[in-house]
Amino acid sequence: MKESPRFNAILLVLALVLVVFGGWRLVDPIGFYTFSGLVLSDEAGLLSEVRGAGGVIMVSGLVVALGAFRHAWSRTSIVLAAVVFLSLGLARLLGIALD
C-alpha cells in the first residue's frame with residue numbers, strides 16, 4: 001500500500017474522533033450521555049459497562065493512529081477503523097429497527 005499524506009491525514013482524523021469520544025466516555029460517562037440528551041444513572045455496574053466500551057473505542061483510535069505513523073500498521077488501521085465505524089452505525093440502525 002502506497003503512503004500518502006492525504007491517507008495519513010484521514011487516518012489521523014478518524015483516530016482523533018475515536019480517541020476523543022472513547023476517552024470522554026471512559027473518563028466521564030455521565031457527561032458524555034448528558035451531552036447527547038440522555039440520562040445515565042450513577043449505578044456502578046452501568047458506569048463500568050459504559051466505561052469498558054469507551055476504553056475499547058479509545059484504544060481502537062490509538063491503533064488507527066499508529067497506521068498514520070507506521071506503514072506496516074496501515075492495513076490494520078484501515079480494517080480496524082472500518083470495523084469500528086461500520087459496527088457503530090449498523091448497531092444504531094439495528095437499535096432503531098428494534099425500538
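## Overall architecture

In what order do the elements of the protein chain run from the N terminus on? The sequence of elements is α-α-α-α, and the chain accordingly contains 4 helices and 0 strands. The model under discussion is predicted.

Taken along the principal axes, the box filled by the C-alpha atoms has dimensions of roughly 45 × 30 × 20 Å. The protein chain comprises 99 residues, of which 27% count as buried. Its exposed area is about 6,700 Å², with carbon and sulfur atoms supplying 71% of that area. Among contacts with a separation of 6 or more, 61% are accounted for by residues 24 or more positions apart.

## Packing of helix 3 and helix 4

Two packed helices are described by the angle between their axes and the distance between the axes. Helix 3, which spans residues 44-69, packs against helix 4 at an angle of about 145°, and the axes of the pair lie 7 Å apart. On the side of helix 3, the contact is made by Ser60, Val63, Val64, Leu66 and Gly67. Helix 4 contributes Ser74, Ser77, Leu80, Ala81 and Val84 to this contact. The crossing of helix 3 past helix 4 is left-handed.

## Two buried residues of helix 3

Val64 is located in helix 3. Its relative accessible area is 0%, and Val64 is therefore classed as buried, the cut-off being under 20%. Beyond residues up to four places away in sequence, Val64 touches Leu11, Leu14, Ala15 and Leu18, together with Ser77, Leu80 and Ala81. Val64 and Thr76 are separated by 12 residues in sequence, and their C-alpha atoms are 7.7 Å apart in space.

Ser60 also belongs to helix 3. With a relative accessible area of 9%, Ser60 is buried. When neighbours within four places in sequence are left aside, Ser60 is in contact with Leu18, Leu80 and Val84. Leu18 and Leu80 also appear among the residues touched by Val64.

## Asn8 in helix 1

Is Asn8 of helix 1 buried or exposed? Asn8 counts as buried because its relative accessibility of 17% falls under the 20% cut-off. Not counting residues up to four places away in sequence, Asn8 touches Glu3, Gly67 and Ala68. One of these, Gly67, also takes part in the contact between helix 3 and helix 4.

## Nonpolar surface patch

Which residues form the nonpolar patch on the surface? The patch consists of Val13, Leu16, Val17, Val20, Phe21 and Phe85, and together these residues have about 500 Å² of accessible area. Helix 1, covering residues 5-27, gives the most to the patch, with 5 residues.

Phe85 lies in helix 4, which runs over residues 74-98. The relative accessibility of Phe85 is 30%, so this residue counts as partly exposed.

## Val59 and its separation from Leu16

Val59 is a further residue of helix 3. Its relative accessible area of 46% places Val59 in the partly exposed class, whereas Val64 of helix 3 is buried at 0%. Val59 and Leu16 are 43 residues apart along the chain, with 11 Å between their C-alpha atoms. Leu16 is one of the residues that form the nonpolar patch.

Key
Residues are numbered from 1 along each chain as its sequence is written. This is a predicted model: local features need pLDDT of at least 70, side-chain atom pairs count only at pLDDT 80 or more; totals for chains, interfaces and linings use all residues. Side-chain values use heavy atoms; hydrogens and water are left out. Patches are made of residues with over 30% relative accessible area and no salt bridge: like charges are joined within 9 Å, nonpolar side chains (Val, Leu, Ile, Met, Phe, Trp, Tyr) within 5 Å. Accessible areas come from the Shrake-Rupley method with a 1.4 Å probe; for residues, only the protein chains shown count as cover. A salt bridge is a side-chain nitrogen of Lys or Arg within 4 Å of a carboxyl oxygen of Asp or Glu. Buried means under 20% relative accessible area, exposed over 50%, partly exposed in between (1.4 Å probe, protein chains only). Axes are lines fitted to C-alpha atoms, for helices over the stretch in contact, and angles run from 0 to 180 degrees between N-to-C directions. A crossing is left-handed if the near helix is turned anticlockwise from the far one by less than a right angle, and right-handed if clockwise. Contact means heavy atoms within 4.5 Å.
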